[in-house]
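Student: I have a model to go through, and I would like to see how its labels are earned. Could you take me through the reasoning?

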Amino acid sequence: MTAPFQGSEPPFPGSEPPVRALCVAMPALNEEKLIRQSLQALAAQVHKEFTLVVVDNGSTDATRVIVADFARLHPAMDVRLIDEPHKGTGAAADTGMRFGALNGARWLARTDADCLPARDWTLRIMEGFNDGLEMIAGQLFPRLDEGLGRGSRWLMLLAVEVASFFGRIRPGNKGEGYLGPYQMLPGCNMAITAELYLRSGGFPRTSIEDLHEDRALSNRVRKLTRAYALRRNVVVFGSSRRVKAWGLPNTLAWYADHRFRPDHVDIR
């Protein structure tokens, strides 16, 4: 049963032309510095049969203008720009995913507006679905253009692997009703069938300060199916700006149930 939709309602089904079978949701808040590069990375995909839904979460900079201009200059690419006024990565991501699911998409994917999907990202996602997966967790690498040295990048990769291991044994990810082991799910690099997304209730419509919506979705899905897995060939290069601002130990503590609580999390 689909969980009740809370917060701002997404566009009603039928209010837009049907989206393509694969729909990519991209939440965005004041991303004028990086979103053009993210859009270019998606435009360069080998598998181009997808709809991109950019969900503006209340930007006050040039984010919306950049997306609109990009869509005008790339008419062959199906780009939709919609709004979610309720601030929160969970709320914005959920609005984008539901937009796709309620307007004809069969498969949903998500990345973020500070990320660079590899050229074969959508292709590898479709391969995963064709292999019978219902939810796919991708491999996250640090971006190469943010001034981090090789040693720092490798340390970040190691930290992700350690976090993934401890996620499987931490008490908060254990309990009754789970059909399979915990799978760390990067919010900026994941995909799921539209049917399973709606049946699970989707991303909680929360702010990033309150809850990590990707972990919550992973645990919701684990109670419905075992057809999920990490696919290391589904690659996204993510921003390291929080690591640069807070340091790696504090960043890891923040992702681990907000044990580090900075005054400002919207690092731009």
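Tutor: Gladly! Keep in mind that this is a predicted model. A good place to begin is strand 1 (residues 22-28) and strand 4 (residues 107-110), which pair in the parallel sense.

Student: What makes strand 1 and strand 4 a pair?

Tutor: Two strands pair if there are at least two bridges between them. Strand 1 and strand 4 have four bridges, so they meet that cut-off. Within this pairing, Leu22 stands opposite Trp107 in strand 4.

Student: In what order do the eight strands form the open sheet?

Tutor: The order is 3-2-1-4-7-6-8-5, with mixed pairing. Strand 3 (78-83) and strand 5 (116-117) are at the edges because each has a single partner strand, leaving one side of each without a neighbour in the sheet.

Student: Why is Asn30 called partly exposed?

Tutor: Its relative accessibility is 25%. Buried requires under 20% and exposed requires over 50%, so Asn30 counts as partly exposed. Asn30 lies in the loop between strand 1 and helix 1 (35-43), and has a positive phi of about 50 degrees although it is not a glycine.

Student: How do you know that helix 3 is mostly covered?

Tutor: Of its 14 residues, 12 are buried, among them Asp94, Arg98 and Phe99. Helix 3 (residues 89-102) reaches 20 Å from its first C-alpha to its last, close to the 20 Å expected at 1.5 Å a residue. Just after helix 3, Gly104 takes a positive phi of about 115 degrees.

Technical notes
Residues numbered from 1 in each chain as written. Predicted model: local features only at pLDDT ≥ 70, side-chain atom pairs only at ≥ 80, totals over all residues. Heavy atoms only, no water. Helix = DSSP H or I, 4+ residues; strand = E, 2+ residues; numbered from the N terminus. Expected span 1.5 Å × (residues − 1). Buried < 20%, exposed > 50% of the residue type's maximum accessible area, 1.4 Å probe, protein only.
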